[in-house]
Amino acid sequence: MIKYDLKCDLSHTFEGWFSNSNDYENQVFNGLVTCPICGNDKVERAIVAPSIKKSSLKISLNKNNTPNFIESELKTKLRTLNKEIEKQTTDVGEHFADEARMIYKGEKKGKAIRGTATKKEEKKLKEEGVPYIKVPWIKDN
Ligand SMILES: [Zn+2]
């Protein structure tokens, strides 16, 4: 008797015992092997990926530097966005939260500003309904 890992059309996996590979082929051909989960008789041997496959995939990913490539592309795009924001806004630095609040309340002439805010300031701005967006800032190196 030999044991095969089988898979149906719907990717259910199960085990089947056969006297030999011919027996397996005959039974499948005649629709005698059915999926115990859904009753599907379209079954085939499941390809069991040995764990070594996974690690070789990892290596090939590293070889092509795929994650690094994506990261550098993302950085370039963010840098472009940062430059665009720099062009269109006034830097108020650490005073961002105060400035944004004053502009929002009409205490100061409306203008586009950029700057930094602490987590606490961010939370307050959100609570007060002051609109702002957070943009990841790429430092030139
Ligand atoms: Zn099934």
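The legends below describe an overall view and several close-up views of a predicted model. Residues are numbered from 1 along each chain as its sequence is written, and side-chain values use heavy atoms, with hydrogens and water left out. Because the model is predicted, local features need pLDDT of at least 70 and side-chain atom pairs count only at pLDDT 80 or more, whereas totals for chains, interfaces and linings use all residues.

**View 1. Overall fold of the protein chain.**
The protein chain holds five helices and five strands, where helices (H or I, at least four residues) and strands (E, at least two) are DSSP runs numbered from the N terminus. Followed along the sequence, these elements come in the order β-β-α-β-α-α-β-α-β-α. Of the 141 residues, 22% are buried, a class defined as under 20% relative accessible area, with exposed meaning over 50% and partly exposed lying in between (1.4 Å probe, protein chains only). The exposed area of the protein chain is about 11,100 Å², of which carbon and sulfur atoms supply 54%; accessible areas come from the Shrake-Rupley method with a 1.4 Å probe, and for residues only the protein chains shown count as cover. Among contacts (heavy atoms within 4.5 Å) between residues at least 6 apart in sequence, 43% join residues at least 24 apart.

**View 2. The zinc site.**
Coordination of the zinc ion is provided by C8 (SG), H12 (ND1), C35 (SG) and C38 (SG), at 2.0 to 2.3 Å; donors are N, O and S atoms within 2.8 Å of the metal (3.2 Å for Na, K and Ca), and because water is not among the atoms, sites may look incomplete. H12 sits in the loop between β1 and β2 and C38 in the loop between α1 (21-29) and β3 (43-45), so that this pair, 26 residues apart, links distant parts of the chain. Along the chain the donors follow the spacing C-x3-H-x22-C-x2-C. The four donor atoms subtend angles of 102 to 115° around the zinc ion, which makes the arrangement tetrahedral, a label given to four donors if all angles lie between 85 and 135 degrees. H12, at 22% relative accessibility, is partly exposed, and C38, at 35%, is also partly exposed.

**View 3. A salt bridge between strands β1 and β2.**
A salt bridge, meaning a side-chain nitrogen of Lys or Arg within 4 Å of a carboxyl oxygen of Asp or Glu, joins E15 to K3, with the closest N and O atoms 3.3 Å apart. Because E15 belongs to strand β2 (residues 13-18) and K3 to strand β1 (residues 2-8), the pair ties together parts that are 12 residues apart in sequence. E15 is partly exposed at 48% relative accessibility, and K3 is partly exposed at 40%.

**View 4. A salt bridge within helix α3.**
K87 and E84 meet through their side chains in a salt bridge with an N to O distance of 3.8 Å. The two residues are three apart in helix α3 (residues 66-88), a separation of about one helical turn. K87 is exposed, its relative accessible area being 67%, whereas E84 is partly exposed at 36%.

**View 5. A salt-bridge network involving helix α4.**
D98 pairs with R101 in a salt bridge whose closest N and O atoms are 3.5 Å apart, and both residues lie in helix α4 (residues 96-104), three residues and about one turn apart. D98 is partly exposed at 40% relative accessible area, whereas R101 is buried at 14% relative accessibility. A network of salt bridges links D98, R101 and E128. Over the whole structure, the search finds eight salt bridges.

Notes. Four donors count as tetrahedral if all angles lie between 85 and 135 degrees; four count as square planar and six as octahedral if opposite donors are over 155 degrees apart and all others between 65 and 115; anything else is irregular.
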